[in-house]
Amino acid sequence: MTLQLRGKSLPVVGRARMYVCGITPYDTTHLGHGATFVWIDVAARVLEAGGVTVDLCRNVTDVDDDILEQARKRGVDYRVLGAEQTFRFEEDMRALHCRRPTFEPRSRDFIEEVVALTRGLLAVGAAYEREGNVFFKGSAVEPHLGDLTRDEAIVLAAERGGRPDDPLKDDPLDVPLWQKSMPDEPAWASPWGDGRPGWHAECSAMAMSLLGTSIDVHGGGKDLAFPHHAYESAQSELLTGVAPFARAWMHVGTVFYEGEKMSKSLGNLVYVADLVERWDPAAIRLLLIDRPWYEDWAYEEGLLTAASDRLERLWSQAGKASAGGAPLRRLGGLLGLLWPPGTEASGHADPKGGVSGRAGSRRRRFGPRTGA
Ligand SMILES: [Zn+2]
């Protein structure tokens, strides 16, 4: 079948590989996350409705700067914080009728793969080692900057958690593939000393390990386009020689609230767990998908009232449409995306699995690996 994404055709034969950058588990799911994962769920269901088998991978970034900082602030082990928050996230996904992905890898289980990626990029001259860190050479990301100039990219990298002014780097656009751990941070053995993986390298390693050298649709929130996805692509393509790493991108529009981007750092959050207590999840899905997926928008509660009313009208139209007729088929397609068949039966909480790491039932199970 051919998927249309913003007017671009994406022909797919038989099977599609989808990867979406998941959460860093230190706070529960807000509506901005909800929008991204509902849209990815919808895209996967549309492909499957066209007869395509979808292998969907949604990772959990359970070791990176943000979660370590939050764990430090709260005085808890980052693994405990990550496990608790991942479980809550999975509950929120279930409540929103997002199907379990085929693969749900956790960064901590892919340390060896990040080491392999790092070795490979050193071998092709795309990286260099310095004082226990290995940096990816940022010049290679320049073809992936899109509309950004190099100077704009440096500013944006600083705003989004990068450290362009790190004196160890040759170039402000260099990023760590492997980084030396601070004394109070988790550390794994590597050829460059004890350390931990870089964020972009984690997603490259997980995506290539589970889906192969190229992905059909790569998703995530729009703010991941740079730096995260630009580096993920540059690193993967330099390692494998296969380009493009992602055939199509779904960068889902940003959700604003009270005049600002809804974000953990600003604290202006609307939690999915609170919304599903009060609203029909199908109405929340309708609110999220009742717009182009790439557009930014502002949330206000009145929009959920309107979505609920519209949902009522859809059900009533479906009831009136003649059985088997075209209107019913069209409505059935839409209603199936809002309230997917089998939702209740497949939604099943499993606290133990949620904590220890689960893969989709069809494939490899991720048992905890040692290393930390
Ligand atoms: Zn990612």
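The exercises below, each with a worked solution, deal with the sheets, helix packing and cores of a predicted model.

Residues are numbered from 1 along each chain as its sequence is written. Because the model is predicted, local features need pLDDT of at least 70 and side-chain atom pairs count only at pLDDT 80 or more, whereas totals for chains, interfaces and linings use all residues.

**Exercise 1.** Describe the sheet that contains strands 5, 6, 7 and 8, and state which strands stand at its edges.

Solution. Begin with the elements: the chain has 13 helices and 13 strands, where helices (H or I, at least four residues) and strands (E, at least two) are DSSP runs numbered from the N terminus. Two strands pair if DSSP finds at least two bridges between them. On this basis, four strands form an open sheet with antiparallel pairing, in the order 5-6-7-8. Strand 5 (127–130) and strand 8 (195–197) stand at the edges, each with a single partner strand, so one side of each is left without a neighbour in the sheet. Neighbouring strands of this sheet are turned by 20 degrees against each other on average, direction ignored. Next, take one pair: strand 7 (residues 175–180) and strand 8 are joined in the antiparallel sense over three bridges, and Trp178 stands opposite Pro197 in strand 8. Finally, helix 4 (residues 111–123) lies across strand 5, strand 6 (133–136), strand 7 and strand 8, and runs at about 120 degrees to strand 7; axes here are lines fitted to C-alpha atoms, for helices over the stretch in contact, with angles from 0 to 180 degrees between N-to-C directions.

**Exercise 2.** Work out the order and pairing of the open sheet of three strands.

Solution. The order is 12-11-13, and the pairing is mixed. Strand 12 (260–261) and strand 13 (297–298) stand at the edges with a single partner strand each, so one side of each is left without a neighbour in the sheet. Two bridges join strand 11 (residues 255–257) to strand 13, and these two strands run parallel; Phe256 stands opposite Ala298 in strand 13.

**Exercise 3.** Characterise the packing of helix 1 against helix 9.

Solution. Helix 1 and helix 9 (residues 281–289) pack at an angle of about 90 degrees, with their axes 10 Å apart. That makes helix 1 roughly perpendicular to helix 9, a class that covers 65 to 115 degrees, while angles under 35 count as roughly parallel, over 145 as roughly antiparallel and the rest as oblique. The contact (C-beta atoms, placed from the backbone, within 7 Å) is made by Gly34, Ala35, Val38, Trp39 and Val42 of helix 1 and by Arg285, Leu288 and Ile289 of helix 9.

**Exercise 4.** Identify which residues touch the most other members of the largest nonpolar core, and state whether His97 is buried or exposed.

Solution. A residue is buried if 20 or more other C-beta atoms, placed from the backbone, lie within 10 Å of its own, exposed if 12 or fewer, and partly exposed in between. A nonpolar core is a set of buried Ala, Val, Leu, Ile, Met, Phe, Trp, Tyr and Cys residues joined through C-beta atoms within 7 Å. Of the 82 residues in the largest such core, Met18, Cys57, Leu177 and Ala207 touch the most other members, and helix 1 (residues 31–49) gives the most to this core, with nine residues. His97, in the loop between helix 3 (78–95) and helix 4, is buried, with 22 other C-beta atoms within 10 Å.

Definitions and conventions
Two residues are in contact if their C-beta atoms, placed from the backbone, lie within 7 Å.
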